[in-house]
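Work through the exercises below with the sequence and the model open. Try each task before reading its solution.

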Amino acid sequence: MVVGYKKEETLTPNQKLIAGVVSGITTRFITQPLDIVKVRTQLQAKDKSATWIGLSWRILKEEGITTFWHGHSLGQLHSIMSVASQFHAYEISTKFVENYASQYTSPQFKKVLLFMCGIFAGCASATLVSPIEVIRVRQMVVKAQYGGVFQGAREVYRRGGILAFYEGLTASLMQMGPQVGITFAVFRFVQPLVMSYVAYWENPEQTDAEKKATKTKQLLVSSSIAGSTAGFVSKTATYPFDLAKRRLQIASHKPDPNVKTPAMTQNLVRCKTLMSCLLDMIRKDGLTGMYTGWSITIFKAQVTSVFIFTTYEMVCYAMRD
């Protein structure tokens, strides 16, 4: 396993940073359409009869297939900065724990510190990408109004000032910190278990070339299973904050009368504060209201986690060879 710092690791932090960038670009390209459906679902009032598949079909019919790629350019920048910063911050913090803190702590408390490393990585990433994420979410809702990067930035600033770029940051920190901590913790726990199970069936009479190919397959399988598990657990645990974040990120958005707004995005659910957002969800739909859009979010989270970790591991493995 190459996620996190290991004393015997041969890759440099810069090489792992490159692996994180490649992982982010690849994952965003694959999951962008799912992200459009996810955001649209989260910003709609809860409809028990609606499904995310039906919503996808409606977007396709009413707005065209290119709608699924609205905000993609910023999405790529977001992925590069988010994934790379997460892995880099996690690398730096786990290196500190392995080299210094572990000398003065018990093995049990070391696990707590490693979990805190994940929280630190998530919070650092969330703060860094907040302005980009706010513009991108609004592009995904009304592309014509928020246009490109600079047009979107001007429109966000015009509607809410500099603080508008950080709408939803509190919810983002409440979500991303624990989410990344849980993701890395679950991945570090599950991947070695799967690797050891798969390795048990390895043929001892294989040649060196065959062993190398087998190891690559084992790494791919274990990373996919661990990534999927990590995505499911972490996203489910922190989902209410993810939903609140989206609704907070459009708090200052106001439709431009000179721009055509898609029918689907004319009556968006939004809120001003994190607490009012959470209470409003419960008041209107009960506790299940805090999980509006959960199914598409979990599906996307698992796909994202699988591709992020698998791509990252495979790029690191290729550079080591």
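Buried means under 20% relative accessible area, exposed means over 50%, and partly exposed lies in between. The model is predicted.

**Exercise 1. A salt bridge between two helices**

Task: Find the salt-bridge partner of Arg40, then decide whether each side chain is buried, partly exposed or exposed.

Solution.
- Step 1. The partner is Glu63, and the closest N and O atoms are 3.0 Å apart.
- Step 2. Place the two residues: Arg40 sits in helix H1 and Glu63 in helix H2, 23 residues apart, so the pair links distant parts of the chain.
- Step 3. Arg40 has a relative accessible area of 1%. That is under 20%, so Arg40 is buried.
- Step 4. Glu63 has a relative accessible area of 21%. That value falls between the cut-offs of 20% and 50%, so Glu63 is partly exposed.

**Exercise 2. A salt bridge inside one helix**

Task: Take Glu62 and Arg58, and state how they are spaced along helix H2.

Solution.
- Step 1. Glu62 and Arg58 form a salt bridge, with the closest N and O atoms 3.0 Å apart.
- Step 2. The two residues are 4 apart in helix H2, which means a separation of about one helical turn.
- Step 3. Glu62 is at 45% relative accessibility and counts as partly exposed.
- Step 4. Arg58, with a relative accessible area of 36%, is partly exposed.

**Exercise 3. A charged network**

Task: Are Asp242 and Lys235 buried or exposed? Which residues join them in a salt-bridge network?

Solution.
- Step 1. The side chains of Lys235 and Asp242 meet in a salt bridge at 3.6 Å, N to O.
- Step 2. Both Asp242 and Lys235 are buried.
- Step 3. Follow the shared partners: one network joins Lys38, Glu133, Lys235, Asp242, Lys245 and Arg246.
- Step 4. For the whole structure, the count is 16 salt bridges.

**Exercise 4. Aromatic pairs**

Task: How many aromatic pairs does the whole structure hold? Classify the pair Phe29 and Trp69 as well as the pair Phe232 and Trp294.

Solution.
- Step 1. The search of the whole structure gives 7 aromatic pairs.
- Step 2. For Phe29 and Trp69, the centres are 5.8 Å apart and the planes make 35 degrees. Planes under 30 degrees apart count as stacked and over 60 as edge-to-face, so this pair is tilted.
- Step 3. Phe29 lies in helix H1 and Trp69 in the loop between H2 and H3, so the pair ties together parts 40 residues apart in sequence.
- Step 4. Phe29 is exposed, at 52% relative accessible area, whereas Trp69 is partly exposed, at 33%.
- Step 5. Phe232 and Trp294 are 6.3 Å apart, centre to centre, with 75 degrees between the planes. That angle is over 60 degrees, so the pair is edge-to-face.
- Step 6. Phe232 belongs to helix H8 and Trp294 to helix H10, so this pair ties together parts 62 residues apart in sequence.
- Step 7. Phe232 is partly exposed at 36%, and Trp294 is partly exposed at 29%.

**Exercise 5. The nonpolar cores**

Task: In the largest nonpolar core, which residues touch the most other members? Which helix supplies the largest share of this core?

Solution.
- Step 1. The core has 28 residues, and Phe87 and Phe184 touch the most other members.
- Step 2. H3, H4, H7, H8 and H10 each supply at least two residues of this core.
- Step 3. H7 gives the largest share, 8 residues.
- Step 4. A second, separate core has 17 residues, including Leu34, Ile59, Val141 and Met264.
- Step 5. Return to the rings: ring pairs link Phe87, Tyr90, Phe184 and Tyr312 into a cluster.

**Exercise 6. The largest cavity and the largest pocket**

Task: What is the volume of the largest cavity, and how does its lining divide by class? Then treat the largest pocket in the same way.

Solution.
- Step 1. The largest cavity has a volume of about 590 Å³.
- Step 2. Its lining has 36 residues, and the closest to its centre are Gln86, Met176, Gln179, Thr304 and Ile308.
- Step 3. Helices H1, H3, H4, H7, H8 and H10 each give two or more residues to this lining.
- Step 4. The cavity lining has 10 nonpolar, 16 polar and 10 charged residues.
- Step 5. The largest pocket holds about 450 Å³ of space.
- Step 6. Of its 20 lining residues, Thr41, Asp47, Ala50, Thr51 and Thr292 are the closest to the centre.
- Step 7. H2 gives the most to the pocket lining, with 4 residues.
- Step 8. The pocket lining divides into 8 nonpolar, 8 polar and 4 charged residues.

Methods. Residues numbered from 1 in each chain as written. Predicted model: local features only at pLDDT ≥ 70, side-chain atom pairs only at ≥ 80, totals over all residues. Heavy atoms only, no water. 1 Å grid on protein atoms, 1.4 Å probe; cavity = no way out; pocket = protein on both sides within 12 Å on 5 of 7 lines; lining within 4 Å. Points joined across faces, edges and corners; volume = space filled by probe spheres on them. Nonpolar A, V, L, I, M, F, W, Y, C, P; charged D, E, K, R; others polar. Core = buried A, V, L, I, M, F, W, Y, C linked by side-chain atoms within 4.5 Å. Buried < 20%, exposed > 50% of the residue type's maximum accessible area, 1.4 Å probe, protein only. Phe/Tyr/Trp six-rings, centres within 6.5 Å; stacked < 30°, edge-to-face > 60°. Salt bridge = Lys/Arg side-chain N within 4 Å of Asp/Glu carboxyl O.
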